[in-house]
Structure formats: structure tokens, C-alpha cells
Amino acid sequence: MSLRTVVEGVSHYVPERRVTNADLTTMMDTSEQWILDRTGIEERRFVDQPTPTSHLALESARRVLEKTKTSTEDVDFLLAATLSPDFYFPGIGPMIQSGLGLKTIPALDIRVQCSGLVYGLSAADAFIRSGQSKCLLLVCAEVQSPVLDFSTRGRDTAVLFGDGAGALLLRAEETDDSTDLLARRGIIDSYLGSDGQGAEVLCVRTPGTSTTGFITQEDFDERRWRPHMDGRQVFKNAVIRMCEAATEILQRNSLTPDDIALIVPHQANLRINEAVRERLGFREEQVFNNIQKYGNTTSATIPIALSEAEEEGRLKRGDLLLTLAFGAGFTWGANLVVW
Ligand code: ACO
């Protein structure tokens, strides 16, 4: 017998306010068609400001606890992934702990941007299989709209991102090692990678310790607190690394693309996901995308997509799921899960 990490449930929460591509054309020099053609995005959700990230995190976490009928007493570990915390420090983990009224359990923030869910599932699996947790809450949440530059100067990034959150409830389950791995529910494997050479390709430079005085007037005037991105570099690296992650995790588990019931990739750009799908030889119906409705919600894209895929009947108990992500850092990874 050994311990396995089972995904008991997933839920999501997005703010009410819809912002369409047409809305963005009133703020900057762009067009509905440019955004749709280059990214696949039709609309995204933005919070009414000020709404802290922990608020969205708490909403999604409450939903998954309710859906899985889990008592706050049962949760013994919390992982929180975000690039947009309420404060520079501390992270949102302890805020979620107190907001939900959980016991004084460990609360760990993960900072790997769009790879938050794949790193989070891998870490959750390690904590559970080592016996440190029996019931773990993984929450991925972002409020990105306040940092975006909605003038023409910031149009390359402002049109991409949205706000949202998703939460997963994970449980330890004793399983019989003699039965086939794919016949048992749970996380089978995770593949993770990073390359800090890409750190400045996509980043928010200040406030930070790389600048004298944390944030200077010049940093402020030069908008170094807004996201900086070389979109083409991100695009190219995302396709390469997501393909690498999928190929490695399939190969080392002796699986082929046909064995996968559903792929839920990070939602950064429909063209990235299409390029990855074609290179790997997956069929269109094997891939779930919902970037059209939410844009890139960074760490929350995969949890939101998992939650919607389940609601739509595209992801069912016993299905073999492959998640794939690439994010700022650079960071990337994949998980193989029997749902
Ligand atoms: N509207 C209209 N024109 C625009 C816009 C806009 N919103 N943004 C840029 N342009 C212009 C550029 O100024 C440029 O004009 P120029 O030719 O006169 O100089 C032209 O469009 C082409 O720009 P490119 O950057 O070459 O366009 P590209 O086809 O590469 O698409 C995009 C840009 C959509 C950003 C693409 O590179 C991309 O999606 N990259 C990946 C981005 C991404 O996924 N980021 C998040 C990832 S992960 C995370 O961790 C957060």
C-alpha cells in the first residue's frame, strides 16, 4: 500500500465585470480584430477596484470546500499561487488561512507565475505522499488589472490579462500498489523546469531590490512598475517548453498522445496552444481552451479551465488529464492526473 494524491474537487470564481475587446478600443489604439486574431481573446473579467487578490482566492476556496463537503477543520495544509499578492509581503496564503477560519495550519505561497498550478500540484503531491498532509487546499488567484497600462504604450500586455481564481481540494488516499497505475485516481507524475535567463523577458521590475531605493521617482515615471514583456520571446519559449514538458512526461510514463483524454494547457494565447497541439500530434477535441472568455489569468487559468471542463462534461472521473504550463521566470511544467 502507498499514498496517492487524489483531486477531490475544483471550483473557480471570476469577477462579474466583463471587459470586451471593443471596450479596450476606447482606451488605446487597438482593434477588436487585432486582439482576437493574435490571441484568441474576446473578453476578460476585471475586479472593481480596490479588490484584493485574497478576496478572489477566498471565494474560489469557499466554493471548493462547499462542493466537496469539506469542513474547514479537515484542511491541514494550504498552498497559494499568485504573482499579484495583496501586499509586497506577506503572501496571500496566511490571509486565506484566516479568511476561511482554518486551523493554524502551514500556508505556503508559490511564486512561479503562470506555472502556479503545475508547481502547486507537484508540491501538493510531495507533501501528501510524504505524510505531511492528508487534506490540502491549493488556491491560485490573480488580480492583474490594476497594474496594466491601458494607454497605447501598454497595449501589448494590457489586452492579454484578466482577473480570476480557482481552487483544488486534494486528499491522501491509500492505494494498492499491485493494481494498474492508470486504473487508480490521483496524480501520477509531474515534470517541472525553470530558466532564469528569461527573467527579464517578462517581468515587473519595481518595486524591488534590483533598484536603488526600492522604487525611485524615475522608476515610477518610466513605468517600471508596469509589466514589461518581449511577446515574441515569450511565445517562442512557451511553445518549446510546453512541448518539452508534454513529451518528457508522456515518454517516462510510457504513454502516447492517444492515451490522454483531455489536455488543459495554460491559457496565455490560443495560438501558443494551437502550435503546441499541432507539434505534439493531439487532436483538437483533446484540448480544452477558454481564453476567449477570461484572457490570461496567470496562475488561475488552469484551475478555471479544469472547473469549466468538468462543468461541461469534458472532464470526467477516471479520465487521464495532462496539464501544461509556461510562465514568467521562465518556469514551466506538466502534471499527469487520473481525474
Ligand atoms: N493592438 C494593436 N497593435 C498592437 C497591439 C495591440 N494591443 N500590441 C502590439 N501591437 C502592434 C505592435 O506595436 C507591432 O507594431 P509594429 O509592427 O508597427 O511595430 C505589431 O502590433 C506586431 O507586434 P508583435 O509583438 O510582433 O505581434 P505578435 O504577433 O508577436 O503578437 C503578442 C503580440 C500577442 C503579445 C504575442 O507576441 C504573444 O502572445 N506573445 C506571448 C505573450 C504571453 O503569452 N504572455 C504571457 C505569458 S506567461 C505569464 O507568465 C504571464
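Is Arg 224 buried, partly exposed or exposed? I looked this up before anything else, in what is a predicted model. Arg 224 counts as partly exposed, because its relative accessibility is 28%, and the class in between runs from the buried cut-off of 20% to the exposed cut-off of 50%.

**Entry 1: salt bridges**

I stayed with Arg 224 and looked for its partner. Arg 224 forms a salt bridge with Glu 218, and their closest N and O atoms are 3.1 Å apart. Glu 218 is partly exposed too, at a relative accessible area of 48%.

Next I asked how many salt bridges there are by this rule. The count comes to 20.

I took Asp 29 and Arg 155 as another case. Their side chains meet in a salt bridge, at 3.8 Å from N to O. This pair links distant parts of the chain, with the two positions 126 residues apart. Asp 29 sits in the loop between α1 (21-25) and α2 (32-39), while Arg 155 belongs to helix α6. I noted Arg 155 as partly exposed, since its relative accessible area is 37%.

A further pair is Glu 284 and Arg 277, which form a salt bridge with the closest N and O atoms 3.9 Å apart. Which of the two is buried and which is exposed? Arg 277 counts as buried because its relative accessibility is 12%, under the cut-off of 20%. Glu 284 is exposed, with a relative accessible area of 56%.

I also wrote down a network of salt bridges that links Glu 8, Asp 74 and Arg 171.

**Entry 2: the cavity**

Arg 277 turned up again when I looked for enclosed space. The structure holds one cavity of 30 Å³ or more, and the volume of the largest cavity is about 60 Å³. Arg 277 is one of its lining residues, and the others are Met 242, Ile 263, Pro 265, Asn 273, Val 276, Leu 280, Phe 282, Val 287 and Leu 324.

Which elements give two or more residues to this lining? They are β11 (262-265) and α9 (270-280). Helix α9 gives the most, with four residues. I sorted the lining by class and found eight nonpolar residues, one polar and one charged. The charged one is Arg 277.

**Entry 3: the second largest pocket**

I then turned to an open space. The second largest pocket holds about 240 Å³. Its lining has 13 residues, and Arg 153, Arg 223, Arg 226, Pro 227 and His 228 lie nearest its centre. The elements that give two or more residues to the lining are α6 (155-158) and β10 (228-229).

By class, the lining of this pocket has eight charged residues, three polar and two nonpolar. I set this beside the cavity of Entry 2, whose lining has eight nonpolar residues and one charged.

**Entry 4: a nonpolar patch**

On the surface I looked up a nonpolar patch of about 550 Å². Tyr 88, Phe 89, Phe 214, Ile 215 and Phe 220 make it.

Two of these residues I checked one by one. Ile 215 is in the loop between β9 (202-203) and α7 (217-221), and its relative accessible area of 35% makes it partly exposed. Phe 214 lies in the loop between β9 and α7 as well. Phe 214 counts as partly exposed, at 33% relative accessibility. Both values fit the patch rule, because members need over 30% relative accessible area.

**Entry 5: backbone angles**

Phe 214 has a second feature: its phi is positive, about 75°, although it is not a glycine. Lys 69 also has a positive phi without being glycine, with a value near 50°. The place of Lys 69 is the loop between α3 and β4 (77-81), and the residue is exposed, since its relative accessible area is 76%.

Where are cis peptide bonds found? One joins Gln 49 and Pro 50, with omega about -5°. Pro 50 lies in the loop between β3 (43-45) and α3 (53-67). Another runs from Gly 329 to Phe 330, with omega near -10°. Phe 330 is in the loop between β12 (320-327) and β13 (331-338).

**Entry 6: one distance**

Last, I looked up Glu 200, which lies in the loop between β8 (186-194) and β9. Glu 200 is exposed, at a relative accessible area of 55%. The C-alpha atoms of Glu 200 and Leu 336 are separated by 30 Å, and the two residues are 136 apart along the chain.

Terms used:
Residues numbered from 1 in each chain as written. Predicted model: local features only at pLDDT ≥ 70, side-chain atom pairs only at ≥ 80, totals over all residues. Heavy atoms only, no water. Patch = residues over 30% accessible without salt bridge, like charges linked within 9 Å, V, L, I, M, F, W, Y side chains within 5 Å. Areas by Shrake-Rupley, 256 points an atom, 1.4 Å probe, with all protein chains shown as cover. Salt bridge = Lys/Arg side-chain N within 4 Å of Asp/Glu carboxyl O. Buried < 20%, exposed > 50% of the residue type's maximum accessible area, 1.4 Å probe, protein only. 1 Å grid on protein atoms, 1.4 Å probe; cavity = no way out; pocket = protein on both sides within 12 Å on 5 of 7 lines; lining within 4 Å. Points joined across faces, edges and corners; volume = space filled by probe spheres on them.
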